[in-house]
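Me: Please take a close look at one part of this model for me. I would like to know how one chain is put together and what it offers to its partner.

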Amino acid sequence: MPRRRVSPAVSLPPFQQLLDAHGRDVHRYLIATVGRTDADDCYQETWVAALRAYPRLRDASNLRSWIFTVAHRKAIDHIRARRRGPVAVGDVPDIPVDGAPTAPDDGLWDRVRALPDKQRTALALRYLADAGYDEISTAMGTSEDAARRNVHEALKRLRTEYQR
Amino acid sequence: MNIETELRRTGPHPQAPPELSEAAAAAGLLDVAYATFDSPVGTLLVAVTPRGLVRLAYLDAGEDEAIVLEQLAASVSPRVLAAPRRLDESRRELDQYFAGRRRQFDLPLDWQLTRGFARRVLEATARIPYGSTSTYRQVATAAGSERAFRAAGNALGSNPVPIVVPCHRILHSAGGLGGYTGGLERKRMLLGVEGYSGLKQP
């Protein structure tokens with residue numbers, strides 16, 4: 001049997017490569033989960049946290065699911081902080097006001113944003129990040145069954161609301 | 001249309017994600033900042049660390065951007081980010097140099113990609129004044145080993161910061177051009193920028 005090196009050096013690609021490959025998807029995921037007002041802050045926090053941890057990463061085989069795990073944690077932090085604090089005024093323009101510039105129409109995704117946290121997150125991971133149930137369960141810290149159930153419940157709710 | 005397809009197809013209305021490099025720099029996490037820009041000698045990739053200029057590559061002369069960045073990730077730090085604004089000063093000094101308005105670079109250098117004899121050769125090269133030239137044997141001697149002129153040639157051939165460490169100022173003892181990482185055409189152009197007229201006409 002060939003001898004294995006005790007700690008094989010992980011060869012990490014230049015960080016810019018991750019940003020180029022996944023930046024837009026992470027941003028879309030955050031818009032879908034925390035809303036437009038907080039998405040930019042959350043995005044910066046996600047990538048700065050990822051950049052901080054990056055050189056110590058021991059496994060570079062699935063960087064996409066790693067970055068979505070970080071994004072998910074930052075999204076949860078934001079949602080919790082928002083519940084404790086006052087409601088941000090910037091969230092209001094999601095409802096169009098006469099004469100005021102309206103937020104872009106996200107159609108179906110506006111409805112996604114109104115789903116319960118876990119369903120919304122699971123759905124965004126599944127359909128924006130193209131994550132498998134194993135990745136969703138890792139990112140959200142749940143079982144795979146729970147991940148499947150969250151996606152299923154979300155779809156069921158959307159079908160009854162959207163496809164009337 | 002089924003709802004899964006609709007979800008995959010649409011997504012939220014896209015908007016440009018915010019710029020990251022300044023936030024990374026503010027957090028002290030921008031280990032290698034780089035930019036590419038056009039110059040009279042072709043497209044250049046320039047990279048800096050917090051200590052100074054660490055790499056300059058001729059992208060039109062056989063060096064591939066992805067490979068240069070991978071090498072920086074492996075040998076300096078994987079925290080490599082495109083950050084054009086961080087390279088403004090490097091770009092300004094290079095532009096002035098190409099326009100003949102700068103005889104000496106004030107950019108600090110980060111020497112970490114070279115060591116030993118090669119490092120001493122490049123340090124000796126950095127002391128050759130604008131518009132004048134030296135030979136492989138002379139820089140080998142300055143680096144401490146007169147007979148190692150071939151090794152000196154190799155060190156110059158793998159100069160991580162050409163132009164700024166002016167390896168184009170090293171010629172053969174007989175007056176010939178010698179070699180150059182970016183190709184002899186570029187070596188001739190840089191010597192021309194500096195007003196050097198001692199080259200034999202081909």
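**Two chains and their contact**

Reply: Chain A has 7 helices and 0 strands. Its elements, read from the N terminus on, run α-α-α-α-α-α-α. This is a predicted model, so please read everything here as computed. Of the 164 residues in chain A, 39% are buried. Take the contacts in chain A between residues at least 6 apart in sequence: 68% of them join residues at least 24 apart.

Now chain B. Its secondary structure comes to 8 helices and 6 strands. Along the sequence the pattern is α-α-β-β-β-α-β-α-α-β-α-α-β-α. The C-alpha trace of chain B spans about 75 × 35 × 30 Å along its principal axes. Chain B holds 202 residues, and 36% of them are buried. Among its contacts between residues at least 6 apart in sequence, 58% join residues at least 24 apart.

Next, the strands E1, E2 and E3 of chain B. Strand E1(B) covers residues 32-39 and strand E2(B) covers residues 42-49. The two run antiparallel, joined by 7 bridges. They form a hairpin with 2 residues between them. At this turn, Ser39(B) stands opposite Gly42(B) of E2(B).

E2(B) also pairs with strand E3(B), residues 52-58. This pairing is antiparallel too, over 6 bridges. E2(B) and E3(B) again make a hairpin, with 2 residues between them. Here Thr49(B) stands opposite Gly52(B) of E3(B). So E2(B) pairs with E1(B) and with E3(B). A general point helps when you look at side chains here. In a regular strand, side chains alternate between the two faces of the sheet.

Last, the contact between the chains. Chain B gives 28 residues to it and chain A gives 35 residues. Which elements of chain B give two or more residues to the side that touches chain A? They are helix H1 (3-10), helix H2 (21-26), helix H3 (65-75) and strand E4 (80-82). H1(B) supplies the largest share of that side, 6 residues. By class, the side of chain B that touches chain A has 19 nonpolar residues, 4 polar residues and 5 charged residues.

To look at this yourself, start with the hairpin of E1(B) and E2(B). Follow E2(B) into the hairpin with E3(B). Then turn to H1(B), which gives 6 residues to the side facing chain A.

Notes:
Residues are numbered from 1 along each chain as its sequence is written. Chains are lettered from A and ligands numbered from 1 in the order in which they are written. This is a predicted model: local features need pLDDT of at least 70, side-chain atom pairs count only at pLDDT 80 or more; totals for chains, interfaces and linings use all residues. Two residues are in contact if their C-beta atoms, placed from the backbone, lie within 7 Å. Helices (H or I, at least four residues) and strands (E, at least two) are DSSP runs, numbered from the N terminus. Ala, Val, Leu, Ile, Met, Phe, Trp, Tyr, Cys and Pro count as nonpolar, Asp, Glu, Lys and Arg as charged, and the others, Gly among them, as polar. A residue is buried if 20 or more other C-beta atoms lie within 10 Å of its own, exposed if 12 or fewer, and partly exposed in between; C-beta atoms are placed from the backbone. Two strands pair if DSSP finds at least two bridges between them.
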